[in-house]
Amino acid sequence: MEEKDENKGSRRNFLKLGLGVGVTSILAATSASLLTSNKAFAGNSEKIKVLTQDGKLVEVNKADLVPADQIVSREDSHKGLPNRKFAMVIDLGKCKNARKCIEACQEGHQLPKEQEWMRVFLMQDTEKTAPYWFPRPCFHCDNPLCVSVCPVGATYKRSDGIVLVDNERCIGCKFCMTACPFSARQFHWKEPTTYTVPEEKYSPETNMPGREGTVGKCVFCPDKLRKGELPRCASACPMGVIYFGDIIEDTVTNGDETIRFSELIKNRAGYRQFEELGTEPSVYYLPPVDRQFPLERGLDGLDEQQIKKYDNVPYIKNLKETKDGI
Amino acid sequence: MKIAQKNLDNLKKFAPFLESTTTMGWIWIAFLVLIIFSGFAAITYQISEGQIVTGMRDYVSWSLYKVNFIFFMGVGLAGALTSSVLHLVNPSWKKPLVRISELMAIFSLIIGPVYILCDVGRLDRLANVFIYARLASPITWDVIAILMELIVCIVFLYLGLIHNFAILRDYDQLKVSKFRKRLYRFMAINYENTPEQKKHITWSQNVLAVMVIPMGIIVYSVIAWLFGMTKQAGWDSTIFGPYFVIAASFGGIAALIIVLASFRKFFRFEEYITFKHFNILANTLLILAFFYGYLSFSEYFSKWYGFGTFNTELINRLFDFSGYGPWFVYANFIAMLAPMLILAVPKWRTITSITLSAIIVVTAFWVKCYLIIIPTLESQHLPIQDSRLEWIHYTPSLVEIALTMAGFATFCLFLTLAAKFVTVLPSSIDIEEPVDTKL
């Protein structure tokens, strides 16, 4: 398993999803050498070629190189990664509610247990239709109502399609929460206690640390994307349910396989949830056909409280009735 | 000539209200202050602990605060509309109604927005609303519109009161503290009732009265759009603006009837506020009941008939008689029928019965505000799958109830104190000869 994870990592790097990769790796290599032999370069005006974030090759003094700041400031977080338009494709046929995406997200963003930016619903549209597991991140809509209604511009849409929340500007009016048709937003009802990140390291890209009286939601992990890695949920999924990629590049990957986005959507009849609402989500779904697991597998390992969530789903009701009958 | 001398008889009659307070009056004021203090305690607790102390959670993230907000803003709208229409139409019987409806409007318009402040998670960042104002957000429209309406209404009320302040300033026998005398003098801004002064005031009042009507409608439509602009089931409606305006006028006129009846009873204004006034307001209430019933019907009938997936869930919730059903019937059917049944038969039309139907309508209006907000938020587009019961179903917490009661108590206290400070019935003491002004 571990080995597999490592492999995933290298493949991810190979894919170079985040365009920062080139720069980051050059910077990292150079800064490493800077640290070891700083003095050797002092006074030396040796030039070095580096790739900037917008893809230009430039020359700089090697001595001027410093390690790049890992925290993206509030101002910089408004700019999307250039020439990117991120999208997520979720293959409902593969999801078995392993909840690894939720756990990785909570761990990565230091969320309390009850706060799930990524949620897995047990969907059953009617009693006669088949139930299926339905992971739901923030849809990062292209017509985001949350952004429209925010009175202070604390939530915003970037050029790369990502919708973020600036925790330091948010006034907590909760209008975005009532406006979001997908219930993707969550409020810090009390002072959160789970964060270890210091306040001065706050960045909307991770939305850590959360603050009382402000709103949080899935961010599509831009911190990972900058490093050319997949969002936490996508890389944590053991079934490869979550594909992530770039619509401009027309490529999505779940870490194991890399596919043309347009072909995947075309061949597998991809759709978006609640298209009729007109919000233009960036998250696509592949219908739950050719299931790899029976639905019940998703109930394995859930504690009672977690199962209780799904009590209203007709399928669960039936299941309980038959069990009681026996 | 001093203005007061013209009105000496009337002044003598009204002076006791301004000069002293009865024991019952003090008990009433103390009672109200007590409730308001519990509200202060509640909001202090909420600010220190966070909104976790309210009944709000991630799904139902707007609750009683927004309910009270739209309730009070609605009462404010009706008060403002009544006073400005009366001012413009200028019927002979308008006097007892004008100032009371103005006072009612202003106090509601002051209390309403306070609830928005209770609802905001980060009060310390409130200035952001102005610093980073985004015109695309209905909240920004609200802030602009409400502030403007409040200013216009306060100036409108003040213009009407200047004459009153001048009278109280000039009335030597009025036994009030020196400070209050000075205050009257200050507020009267050297008004001497010269024809020119009178003309200026009437002209300004006319302009403001004309402004108040469209502004009031705009303000309340914008409030409706806080909901109407979203995609939520039950809110995503094109008639929300007019529906809210009609519902608010309906509920607000009923509130005005109750306020008038209270003044009539507790201040012994039987002589001035007569059956005639109640009768006219009852007619207005009756007409609005038809409008309200018509709009309610078309709103819910089309939702029910079209059975959109999200609407069906909401409609089922609203008609669920173990849940919201009885309240839905009360807010939409009983509220509409009560004035019709009680007021349609001339024999049954008494001040008591009119007040009774007004009480039904006003409470129904509050319930209506509740039913517009909470059941919708409990019917999200995606199923609500949560194991925590309090996150699925909203129950108001003590903090929210305390603040709700504090709002109503503040409203009563403001009206009581206003009646102690100025004469609430302008007709009785101000002699206002008609002035010929043209706009």
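**A five-stranded sheet in chain A, and the contacts of chain B**

Five bridges join β3(A) to strand β10 (residues 242–246) of chain A, and the two run antiparallel. This is a predicted model, with an ipTM of 0.90 and a pTM of 0.88. Along the β3–β10 pairing, Val89(A) has Tyr243(A) as its bridge partner, while Ile90(A) is partnered by Ile242(A). Strand β10(A) sits well inside: five of its five residues are buried, so the strand is largely enclosed by the rest of the structure. That goes for both of its faces, with Ile242(A), Phe244(A) and Asp246(A) buried on one side and Tyr243(A) and Gly245(A) buried on the other. As background, side chains in a regular strand alternate between the two faces of the sheet.

On to the next neighbour of β10(A). Strand β11 (residues 251–253) of chain A is joined to β10(A) by three bridges, again in antiparallel fashion. Here Asp246(A) stands opposite Thr251(A). The two strands make a hairpin with four residues in between, and Asp250(A), in the turn, has a positive phi of about 60 degrees.

Strand β3 (residues 86–91) of chain A also pairs with β13(A), this time parallel, through four bridges. Val89(A) turns up again here, standing opposite Tyr284(A) of β13(A). Strand β13 (residues 283–286) of chain A is covered on both faces: Val283(A) and Tyr285(A) are buried on one side, Tyr284(A) and Leu286(A) on the other.

Put together, these strands belong to an open, five-stranded sheet of chain A with the order β12-β11-β10-β3-β13 and mixed pairing. The edges are taken by β12 (258–260) and β13 of chain A; each has a single partner strand, so one side of each is left without a neighbour in the sheet. Ignoring direction, neighbouring strands of the sheet are turned by 25 degrees against each other on average.

What about the other chain? In chain B, 35 residues are in contact with 39 residues of chain A. On the chain B side, the elements giving two or more residues are α6 (128–131) and α7 (138–170), and α7(B) gives the most, with three residues. By class, this side of chain B is made up of 15 nonpolar, 13 polar and seven charged residues.

Chain B itself is assigned two domains, with domain 1 covering 1–222 + 396–434 and domain 2 covering 232–255 + 278–380. Their C-alpha centres lie 26 Å apart, and 19 residues of domain 1 of chain B are in contact with 19 residues of domain 2 of chain B. On the domain 1 side, α4 (64–89) and α9 (195–228) of chain B each supply at least two residues. The largest share, ten residues, comes from α4(B). The class breakdown of this side of domain 1 is 13 nonpolar, five polar and one charged residues.

Finally, a word on confidence in chain B. The mean pLDDT of chain B is 90, and 95% of its residues reach 70 or more. Among the elements of chain B, helix α3 (residues 23–49) has the highest mean pLDDT, 96, and helix α17 (residues 426–429) the lowest, 50. Over residues 427–439 of chain B the pLDDT is below 50, although this stretch has 27 contacts in the model beyond near neighbours in sequence. Where pLDDT is low, the predicted coordinates should not be read in detail.

Note on methods:
Residues numbered from 1 in each chain as written. Chains lettered and ligands numbered in written order. Predicted model: local features only at pLDDT ≥ 70, side-chain atom pairs only at ≥ 80, totals over all residues. Domains from an automatic or database assignment. Contact = placed C-beta atoms within 7 Å. Nonpolar A, V, L, I, M, F, W, Y, C, P; charged D, E, K, R; others polar. Buried ≥ 20, exposed ≤ 12 C-beta atoms within 10 Å, placed from the backbone. Pairing = 2+ DSSP bridges. pLDDT = per-residue confidence, 0-100. Axes fitted to C-alpha atoms, helices over the stretch in contact; angles between N-to-C directions.
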